[in-house]
Amino acid sequence: MTSKNSWVAFAGLAALLAGVAVLASSDTGSDIGFESGERDKLGLFSTLPIYWGEVGDMNDMLSGSAEPHWARAALEEDYNLIPLDALLESGDDEGALDRLERLVLAQPRALSASENIALDNWVREGGRALIFADPMLTRHSRFSIGDRRRSQDVVLLSPILQRWGLELQVDDDEPLGERAIDTGTTSIPVNLPGQLVILPTATDAPANCTIQTGGLLADCVIGQGSALILADAAVLEDHSDEEDATRQTALKFLTDQAFDSK
């Protein structure tokens with residue numbers, strides 16, 4: 001396993017060209033669902049087209065012309081799903097995280113320094129996070145590299161992962177192509193997955209992570225909270241109805257492990 005220098009260089013270029021890959025403005029998504037529903041709230045912070053669909057512009061979003069993503073419906077079976085544009089409100093030290101107990105980060109944009117601090121504090125104070133961190137996203141996008149509407153191709157979460165005692169590594173010899181990894185409970189589809197390995201943590205910021213399924217998963221207890229990190233995001237791709245049913249089973253396994261077993 002290596003950290004794949006060529007991909008690190010690509011990540012820097014992608015970040016420079018793409019900037020912040022957010023589909024909805026703060027006026028559109030930041031307060032959706034906070035005041036409604038009796039089900040548990042689940043924040044969704046993602047560049048993947050899970051909540052809005054892969055839309056070309058705001059008119060497509062408002063018209064509902066985008067194809068709905070199966071994962072949104074799957075998550076909304078159990079949770080009041082709340083799309084987030086940022087983990088902190090502009091110019092504030094507080095934000096959406098303070099109104100949530102559960103959070104999915106699915107191939108998110110790079111976090112700002114203040115967002116990294118806020119996320120770490122939120123987890124240590126009892127928050128539960130499920131994180132999809134794909135070192136090389138394989139899903140097809142209608143948007144080209146450099147288009148800010150495109151999903152984050154290379155995940156940029158090293159600061160928070162290192163804070164929690166993890167490093168995301170990539171095997172240069174990993175063949176392209178989807179395959180299933182057996183967790184012992186269910187199978188998770190992956191395509192060019194990474195591998196999570198344990199690093200030392202600071203004495204003033206301990207984290208206790210357990211590596212599972214050969215490094216595909218890391219299950220971490222961090223302060224009073226927890227984080228389940230998956231080193232891939234192929235499970236969230238759109239495929240045929242039969243394949244999506246398999247993905248729905250895998251997603252249910254991951255949300256149960258992240259949110260219900262601790």
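## Exercises on a predicted model

By the distance rule for cysteine sulfur atoms, the count comes to 1 disulfide. The model you are looking at is predicted, so keep that in mind as you work.

### Exercise 1: the disulfide

Find which two cysteines form the disulfide, and work out its handedness.

**Solution.**
- Step 1. A disulfide is a covalent bond between the sulfur atoms of two cysteines. The rule used here asks for sulfur atoms within 2.5 Å.
- Step 2. The sulfur atoms of Cys209 and Cys220 are 2.0 Å apart, and these two residues form a disulfide.
- Step 3. Now look along the S-S bond: the torsion for Cys209 and Cys220 is about 110°, so this disulfide is right-handed.
- Step 4. Place the partners on the chain. Cys209 belongs to strand β9 and Cys220 to strand β10, with their positions 11 residues apart, and the pair links distant parts of the chain.
- Step 5. Check the surroundings: Cys209 and Cys220 are both buried.

### Exercise 2: the sheet

In the open sheet of 7 strands, find which strands stand at the edges.

**Solution.**
- Step 1. Write down the strand order, which is β2-β1-β3-β4-β11-β10-β9; the pairing is mixed.
- Step 2. Look at the two ends of that order. β2 (80-83) and β9 (208-212) each have a single partner strand, so one side of each is left without a neighbour in the sheet.
- Step 3. Add the twist, which averages 20° from one strand to the next.
- Step 4. Zoom in on one pair. Strands β3 (residues 102-106) and β4 (residues 128-132) run parallel and are joined by 5 bridges. Within this pair, Val104 has Leu130 of β4 as its bridge partner.
- Step 5. See what lies across the sheet strands: helix α5 (residues 113-124) crosses β1 (41-46), β3, β4, β10 (217-222) and β11 (225-230), and runs at about 140° to β3.

### Exercise 3: positive phi

Decide where Leu192 and Thr213 sit, and whether each counts as buried or partly exposed.

**Solution.**
- Step 1. Recall the background: most residues other than glycine have a negative phi.
- Step 2. Take Leu192. Its phi is positive, near 50°, although the residue is not glycine. Leu192 sits in the loop between β7 (187-190) and β8 (195-198).
- Step 3. Buried means under 20% relative accessible area. Leu192 has 11% relative accessibility, so it counts as buried.
- Step 4. Take Thr213, another non-glycine residue with a positive phi, here about 45°. Thr213 lies in the loop between β9 and β10. Because its relative accessibility is 24%, Thr213 counts as partly exposed.

### Exercise 4: aromatic pairs

Classify the 2 aromatic pairs by the angle between their ring planes.

**Solution.**
- Step 1. The cut-off you need is this: planes over 60 degrees apart count as edge-to-face.
- Step 2. Tyr51 and Trp52 have ring centres 4.9 Å apart and planes at 75°, which makes the pair edge-to-face. Tyr51, at 11% relative accessibility, counts as buried, while Trp52, at 22%, counts as partly exposed.
- Step 3. The rings of Tyr79 and Phe259 have centres 5.9 Å apart and planes at 75°, so this pair is edge-to-face.
- Step 4. Locate the second pair: Tyr79 is in the loop between α4 (70-76) and β2, and Phe259 is in helix α7 (residues 241-259), 180 residues apart. Tyr79 and Phe259 are both buried.

How values were computed:
Residues numbered from 1 in each chain as written. Predicted model: local features only at pLDDT ≥ 70, side-chain atom pairs only at ≥ 80, totals over all residues. Heavy atoms only, no water. Pairing = 2+ DSSP bridges. Helix = DSSP H or I, 4+ residues; strand = E, 2+ residues; numbered from the N terminus. Axes fitted to C-alpha atoms, helices over the stretch in contact; angles between N-to-C directions. Contact = heavy atoms within 4.5 Å. Buried < 20%, exposed > 50% of the residue type's maximum accessible area, 1.4 Å probe, protein only. Phe/Tyr/Trp six-rings, centres within 6.5 Å; stacked < 30°, edge-to-face > 60°.
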